[in-house]
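These are my notes from going through one structure. I list what I looked up, entry by entry.

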Amino acid sequence: MWAGCRLFPLLLLALLRGLCHGREAAPSAVTCGSVLKLLNTRHSVRLHSHEVKYGSGSGQQSVTGVEASDDANSYWRIRGKSDGSCQRGTPVKCGQAIRLTHVNTGKNLHTHHFPSPLSNNQEVSAFGDDGEGDDLDIWIVQCSGTYWEREDAVRFKHVGTDVFLSITGEQYGHPIRGQREVHGMPTANHHNYWKAMEGVFIKPSMDPAKHDEL
């Protein structure tokens, strides 16, 4: 009897530890500070930008979709809606506000009330300098669990205008022939699902100088 009483608190502690562990982020969660490529699951193209400006609308740096998986201009860094709000290595939660910064040009994924050049949806551009833009750079990660998992298809909803980051298949001609238009759509549908692909994913428990390359 006495031995059983002594064991009970230990068993209870083990049970509580197990329950708490179940709420922790999985190792496959996308984390703040990670650099990755995003694949539109409907059209199998990756979110892309480059130093080519729109010839209409805002005239800002264009954002497109490309089929190539090895294009260095398709890397984006995950950042918080403000500096310090997304600590390096912290798993991104479903419903969290983030910025996506284009690695090679330092501009943020952005949208505003300009028509997109091909489909007449809402233009999506890359805006700002050295990662600093404005409030129209903020997107909400929409997913079904607690955290944004790498293997899950997620949506990005724009905070300022309530549109979803989307591709419907329209293709550009010269000088970016074959690249797809990226735009904002007001409705959630199969054109606005995205999945994390190639990248460098920062682990929460690791030294900031270390990472997991995929």
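**Entry: an aromatic residue**

I started with Trp148 and looked up its exposure in this predicted model. Trp148 has a relative accessible area of 0%, so I put it down as buried, the cut-off being under 20%. I then looked up Phe156, which also counts as buried because its relative accessibility is 0%.

Next I looked for aromatic pairs. A search over the whole structure gives one. The pair is made by Trp148 and Phe156, whose ring centres are 5.5 Å apart. Their planes stand at 75 degrees, so I noted the pair as edge-to-face.

**Entry: the nonpolar core**

Which residues of the largest nonpolar core touch the most other members? The core has 30 residues, and the ones I was after are Leu47, Val63, Leu109, Trp148, Phe156 and Leu165. Both rings of the aromatic pair therefore belong to residues on that list.

I then looked up which strands supply at least two residues each to this core. They are strand 1 (35–40), strand 2 (45–53), strand 4 (76–80), strand 5 (97–102), strand 7 (122–127), strand 8, strand 9 and strand 13 (194–201). Strand 13 gives the most, with three residues. I added one general remark: in soluble globular proteins, nonpolar side chains tend to be buried together.

**Entry: charges over rings**

I looked for charged side chains placed over aromatic rings and wrote down two cases. Lys37 lies over the face of Tyr75, at 4.6 Å from the ring centre. Arg155 lies over the face of Tyr193, and here the distance to the ring centre is 4.0 Å.

**Entry: Asp152**

Tyr193 came up again when I turned to Asp152. The C-alpha atoms of Asp152 and Tyr193 are separated by 9.3 Å, with their positions 41 residues apart along the chain. Asp152 sits in the loop between strand 8 (139–142) and strand 9 (153–158).

Which residues does Asp152 touch, leaving out those up to four places away in sequence? I found Trp194 and Lys195. I noted Asp152 as partly exposed, because its relative accessible area is 25%.

**Entry: Gly80**

I looked up Gly80 next, which is in strand 4. Is Gly80 buried or exposed? Its relative accessibility is 5%, so Gly80 counts as buried.

Leaving out residues up to four places away in sequence, Gly80 touches Ser85, Cys86, Ala97, Ile98 and Arg99. I also took the C-alpha distance from Gly80 to Cys32, which are 48 residues apart along the chain, and got 7.3 Å.

**Entry: backbone details**

I checked the backbone and wrote down a cis peptide bond, the one from His174 to Pro175, with omega near 10 degrees. Pro175 is in the loop between strand 10 (164–166) and strand 11 (180–181).

I also wrote down positive phi values in residues other than glycine. Ser44 has a phi of about 55 degrees. Ser44 is placed in the loop between strand 1 and strand 2, and a relative accessible area of 44% makes it partly exposed.

For Asn120, phi is near 65 degrees. Asn120 belongs to the loop between strand 6 (108–115) and strand 7. Its relative accessible area is 60%, so I listed Asn120 as exposed.

**Entry: the chain as a whole**

I then looked up totals. The protein chain has one helix and 14 strands. Of its 214 residues, 44% are buried. Among contacts with a separation of 6 or more, 62% join residues 24 or more positions apart. The accessible surface is about 10900 Å², and carbon and sulfur atoms account for 53% of it.

**Entry: confidence**

Last, I looked up pLDDT. The chain averages 87, and 83% of the residues score at least 70.

Where does pLDDT stay under 50? One stretch is residues 1–23, for which the model has one contact beyond four places in sequence. Another is residues 205–214, with 17 such contacts. Where pLDDT is low, the predicted coordinates should not be read in detail. I left both stretches, residues 1–23 and residues 205–214, at that.

Methods: Residues numbered from 1 in each chain as written. Predicted model: local features only at pLDDT ≥ 70, side-chain atom pairs only at ≥ 80, totals over all residues. Heavy atoms only, no water. Helix = DSSP H or I, 4+ residues; strand = E, 2+ residues; numbered from the N terminus. Buried < 20%, exposed > 50% of the residue type's maximum accessible area, 1.4 Å probe, protein only. Contact = heavy atoms within 4.5 Å. Phe/Tyr/Trp six-rings, centres within 6.5 Å; stacked < 30°, edge-to-face > 60°. Lys NZ or Arg CZ within 6 Å of the ring centre and 35° of its normal. Core = buried A, V, L, I, M, F, W, Y, C linked by side-chain atoms within 4.5 Å. pLDDT = per-residue confidence, 0-100. Areas by Shrake-Rupley, 256 points an atom, 1.4 Å probe, with all protein chains shown as cover.
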